Protein chains: 2
Amino acid sequence: MDYHSEILTPIFQALADPTRRAVIGRLGRGPASISDLAQPFDMALPSFMKHIRFLEESGLINTHKHGRIRTCTLERKPFQMVEAWLAQQRQLWEGRTDRLEQFVLAQHTKETE
Amino acid sequence: MDYHSEILTPIFQALADPTRRAVIGRLGRGPASISDLAQPFDMALPSFMKHIRFLEESGLINTHKHGRIRTCTLERKPFQMVEAWLAQQRQLWEGRTDRLEQFVLAQHTKETE
DNA sequence: TCAATACTTAGCGCAAGAGCTAAGTGATGG
DNA sequence: CCATCACTTAGCTCTTGCGCTAAGTATTGA
């Protein structure tokens, strides 16, 4: 379970920026080139490129270059890892409420004895 | 949809640290005091406190003080927001694969005509 | 072949993040 | 009522993140 932990850090870090989340949103509709992706943002290209590299290094996207154009694609596995972690947390919480319910039930039983 | 965007930044930022994720994991089992939470970590208390404050400011936890003890509790809404965002991304992706499938189907139909 | 295109590299500046120590505050317990 | 406990504040490092400009490289279209 915990071996996920390390890899989640760069993923959450990558998701913690609005520009990068917007890029992810765009890539959800299909692959795109750097300049296509950069176009909506009021930002110098090298600054934008840093976001792309961050996304790539965290594993959230893949890129490959054909000629002078670099195309970016979404990678789904990291999202599944985040979802798995969230599910695990939810399970913890729900496990607890189950125990709470049992506790409340037990109290109720005692009181009505 | 996009009004979530702003609030997601501090949430993902808060999740982007192993100490804070571990604290969240612990709080999944129920509320705890600062020193209980801090105990497993090899870190000075003030350093640990910064993580707690970060978690609180991002809305992931609530805290309240009774006497000299501050108790921390998990807050579920931020997790639901993250899950909603992930669901939205998945939907985008799946919408695309649907369109891809339709495209492939259309091609196939053409070819077999 | 040569200018334009699409990045890419190098390097700077400022703000935040993540850790520390030292010293302070305000409950509790004996 | 005084020591101890449980934080809390202040202030310091060092690193990383996020933006910029200027200049460089490698394709491509005319």
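Helix H4 of chain B gives the surface near DNA strand C its largest share, five residues; helices (H or I, at least four residues) and strands (E, at least two) are DSSP runs numbered from the N terminus, and a residue is near a strand of DNA if one of its heavy atoms lies within 4 Å of it. The model is a predicted one, in which local features need pLDDT of at least 70 and side-chain atom pairs count only at pLDDT 80 or more, while totals for chains, interfaces and linings use all residues. Residues are numbered from 1 along each chain as its sequence is written, chains are lettered from A and ligands numbered from 1 in the order in which they are written, and side-chain values use heavy atoms, with hydrogens and water left out.

The surroundings of DNA strand C comprise 21 residues, of which A:Ser35, A:Arg68, B:Ser47, B:Lys50 and B:His51 come nearest. Besides helix H4 (45–57) of chain B, at least two residues each are supplied by helix H3 (34–38), helix H4 (45–57) and strand S3 (69–74) of chain A. Sorted by class, this surface holds nine nonpolar, five polar and seven charged residues, where Ala, Val, Leu, Ile, Met, Phe, Trp, Tyr, Cys and Pro count as nonpolar, Asp, Glu, Lys and Arg as charged, and the others, Gly among them, as polar. Sugar or phosphate accounts for 60% of the atoms of DNA strand C within 4 Å of the protein, and bases for the rest. Three side chains of chain B can be followed to phosphate oxygens of this strand: a polar atom of B:Ser47 lies 2.5 Å from one, an N or O atom of B:Arg20 is 2.9 Å from one, and a polar atom of B:Asp17 lies 3.5 Å from one.

Turning to DNA strand D, 21 residues are again found around it, and A:Ser47, A:Lys50, A:His51, B:Ser35 and B:Arg68 come nearest. Of the atoms of DNA strand D within 4 Å of the protein, 63% are sugar or phosphate atoms and the rest belong to bases. Phosphate oxygens of DNA strand D lie 2.2 Å from a side-chain N or O atom of A:His51, 2.9 Å from a polar side-chain atom of A:Arg20 and 3.4 Å from a side-chain N or O atom of A:Asp17. Two or more residues of the surface come from each of H4 of chain A and helix H3 (34–38), H4 and S3 of chain B. H4(A) has the largest share, five residues, and the classes are nine nonpolar, five polar and seven charged.

A:Asp17 also has a part within its own chain, capping the N-terminal end of helix H2 (residues 18–27) of chain A with a side-chain oxygen 2.8 Å from the backbone nitrogen of A:Thr19. Seven of the ten residues of H2(A) are buried, that is, under 20% relative accessible area, with exposed over 50% and partly exposed in between (1.4 Å probe, protein chains only). Among these buried residues are A:Arg20, A:Val23, A:Ile24 and A:Leu27.

Across the chains, A:Thr9 in helix H1 (residues 3–15) of chain A is buried at a relative accessible area of 15%. Its side chain makes a polar contact of 2.8 Å with the side chain of B:Arg21; such a contact is a pair of N or O atoms within 3.5 Å, and within protein one must be able to donate a hydrogen and the other to accept it, with residues adjacent in sequence counting only if both atoms are side-chain atoms. Beyond neighbours within four places in sequence, A:Thr9 is in contact (heavy atoms within 4.5 Å) with B:Ala16, B:Pro18 and B:Arg21.

Chain A contains five helices and three strands, in the order α-α-β-α-α-β-β-α from the N terminus. Buried residues make up 39% of its 113 residues. Strand S2 (residues 61–66) of chain A pairs with S3(A) in the antiparallel sense over six bridges, pairing being called when DSSP finds at least two bridges between two strands. These strands form a hairpin with two residues between them, and A:Gly67 in the turn has a positive phi of about 65°.

In chain B, three strands make an open sheet of order S1-S3-S2 with antiparallel pairing. Strands S1 (32–33) and S2 (61–66) of chain B each have a single partner strand, so one side of each lacks a neighbour in the sheet. S2(B) is joined to S3(B) by six bridges, and B:His66 stands opposite B:Ile69.
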